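Visitor: Could you walk me through how to read a structure like this one? I would like to take it feature by feature.

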Amino acid sequence: MKEKGRTQAVNYAGIDDFRILAAVMVIAIHTAPFSGVSQSLDFLLTYCVGRVAVPFFLMTTGFFVLGSWKKSVYADNSKVIRFIKKTLFLYAVSVVLYLPVNFYSGELPRSAGGFISMLFFDGTFYHLWYFPAVILGCLAVIVLLRYFSERTVLVITVLLYLAGTGGDSYFGLASRIPALKAVYEAMFTVSSYTRNGIFYAPVFLLMGMLIRGRMRQRGEDADGGVGRMTGNIVCLAVSLVLMLGEGYLTFSMNLQRHNSMYLFLIPVMYFLFRLLLCVPGNAPVWTRNVSMIVYVIHPAVLIVLRGVAGVAGLTPLLVENALVQFISVAILSFALAALLERMYFRLRRRKEAHENG
């Protein structure tokens with residue numbers, strides 16, 4: 001029997017269930033699970049296919065948060081404000097959580113400017129860049145929509161993304177042009193990557209919002225039917241093959257400065273998200289909290305695992321074996337996240353019961 005309040009009423013099972021897979025993909029990105037088998041295989045599965053994870057999270061924000069804002073004809077800011085406050089709180093907690101690691105490793109910047117840059121763009125730990133990115137991205141989309149039409153903003157965000165690829169997967173080409181190289185190097189003094197809230201996040205946030213708006217306009221349900229599902233599967237498969245080819249080409253030609261931004265990632269995400277919306281059924285609410293908790297804590301779990309492995313003499317198995325390390329981190333992260341989510345749910349129920357007398 002399901003507990004009251006633990007099941008999502010609307011048919012977004014595909015979206016909420018994919019949150020778990022996306023969290024697993026993020027863990028894979030930080031552990032390179034197939035590197036011991038084949039570097040090429042690991043790159044294609046982890047750093048090409050796995051790159052759908054973060055855009056997916058951005059599109060869910062665009063769909064649910066900015067989509068509600070669009071529904072109010074850009075008048076009701078309450079949900080956006082609540083989301084930004086919640087994200088800022090999670091970011092602050094995460095910064096504090098990893099601060100001892102920053103001190104121990106000596107990774108904290110020594111200047112105020114460097115710390116501000118880290119806080120607003122790079123994140124204070126290698127995975128925390130997502131929080132300032134989603135906040136800045138939301139604010140960028142909101143500001144642009146105050147002055148331009150949706151179609152114009154879509155063009156602007158796509159152009160920003162294209163500019164971002166020049167500092168990411170296509171830096172090897174962009175750096176051959178002295179003027180462009182100088183521009184990107186100037187950017188990298190402020191943000192270590194173009195994968196941030198200016199170049200990367202806005203297009204995916206906007207895509208999520210526009211998909212929600214189009215569904216509402218056409219009166220579509222989340223369950224799109226067999227025909228729509230088949231069309232999305234075909235288009236997704238074609239886009240994914242093209243992205244894999246693009247990724248491997250830029251990788252093999254040594255063009256990549258980083259590997260987060262591919263040209264074909266945009267159509268891949270569009271058709272993937274549309275496909276997930278075709279999945280019928282009720283989604284368990286806990287997937288939302290658990291996936292975000294896993295995102296936050298998995299590097300800490302990885303650090304603890306490496307420390308325990310060293311003490312126990314299990315480094316060859318738990319650290320040097322990348323696949324075992326990935327599986328271990330995933331299992332431990334989800335177990336701890338489920339425990340924390342359960343504790344949070346019980347505390348919330350107690351608070352609600354106390355407030356209701």
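Guide: Gladly! Let's start with the labels: helices here are DSSP runs of H or I with at least four residues, numbered from the N terminus. Please keep in mind throughout that this is a predicted model.

Visitor: Then let's try the labels on a pocket. Which helices each supply at least two residues of the lining of the second largest pocket?

Guide: First the general idea: rolling a probe the size of a water molecule over the atoms shows where empty space is left. Here, α1 (13–29), α3 and α5 (112–122) each give at least two residues to the lining of the second largest pocket. This pocket holds about 480 Å³ of space. Its lining has 25 residues, and H30, Y126, H127, W129 and R195 lie nearest the centre. Sorted by class, the lining contains 12 nonpolar, nine polar and four charged residues.

Visitor: And what is the volume of the largest pocket?

Guide: The largest pocket comes to about 1400 Å³. It is lined by 35 residues, of which K86, L90, R288, N289 and M292 are the closest to its centre. Two or more lining residues come from each of α3, α4 (78–105), α6 (130–147), α13 (286–312) and α15 (322–355). Helix α4 provides the largest share, with 10 residues. In chemical terms, the lining of the largest pocket is made up of 20 nonpolar, seven polar and eight charged residues.

Visitor: Next, the interior. Which residues have the most contacts inside the largest nonpolar core?

Guide: In soluble globular proteins, nonpolar side chains tend to be buried together. In this model the largest nonpolar core has 88 residues, and V52, F56, L58, L66, F204 and M269 have the most contacts inside it. Helix α3 (residues 53–71) contributes the most to this core, with 11 residues. F204 makes a good example to click on: leaving out residues up to four places away in sequence, F204 touches P55, L58, M59, Y161, L265, I266 and M269.

Visitor: Is A53 buried or exposed?

Guide: A53, which lies in helix α3, counts as buried because its relative accessibility is 0%, and the cut-off for buried is under 20%. Not counting residues up to four places away in sequence, A53 touches A22, M25 and V26. To get a feel for distance, try A53 and I81: they are 28 residues apart along the chain, with 24 Å between their C-alpha atoms.

Visitor: Now the cysteines. How many disulfides are counted?

Guide: A disulfide is a covalent bond between the sulfur atoms of two cysteines. The count here is zero. C235 is in no disulfide, and the nearest cysteine sulfur to it, that of C278, is 11 Å away; the cut-off is 2.5 Å. C235 counts as partly exposed because its relative accessibility is 30%. C278, in turn, counts as buried because its value is 2%.

Visitor: What is the phi of A32, and what is that of N254?

Guide: Most residues other than glycine have a negative phi, and most peptide bonds are trans. A32 is not a glycine, yet its phi is positive, at about 45 degrees. A32 sits in the loop between α1 and α2 (39–46) and, at 15% relative accessibility, counts as buried. N254 is not a glycine either and has a positive phi of about 60 degrees. Its place is in the loop between α11 (225–252) and α12 (265–277), and N254 counts as exposed because its relative accessibility is 66%.

Visitor: Let's finish with two other loop residues. Where is T189 found, and where does E107 lie?

Guide: T189 is in the loop between α9 (178–187) and α10 (201–218). At 63% relative accessibility, T189 counts as exposed. T165 is 24 residues from T189 in sequence and 17 Å from it in space, C-alpha to C-alpha. E107 lies in the loop between α4 and α5 and, at 47%, counts as partly exposed. Beyond neighbours within four places in sequence, E107 is in contact with N102, M118 and F125. The C-alpha atoms of E107 and G172 are 27 Å apart, with 65 residues separating the two along the chain.

Terms used:
Residues numbered from 1 in each chain as written. Predicted model: local features only at pLDDT ≥ 70, side-chain atom pairs only at ≥ 80, totals over all residues. Heavy atoms only, no water. Buried < 20%, exposed > 50% of the residue type's maximum accessible area, 1.4 Å probe, protein only. Core = buried A, V, L, I, M, F, W, Y, C linked by side-chain atoms within 4.5 Å. Contact = heavy atoms within 4.5 Å. 1 Å grid on protein atoms, 1.4 Å probe; cavity = no way out; pocket = protein on both sides within 12 Å on 5 of 7 lines; lining within 4 Å. Points joined across faces, edges and corners; volume = space filled by probe spheres on them. Nonpolar A, V, L, I, M, F, W, Y, C, P; charged D, E, K, R; others polar.
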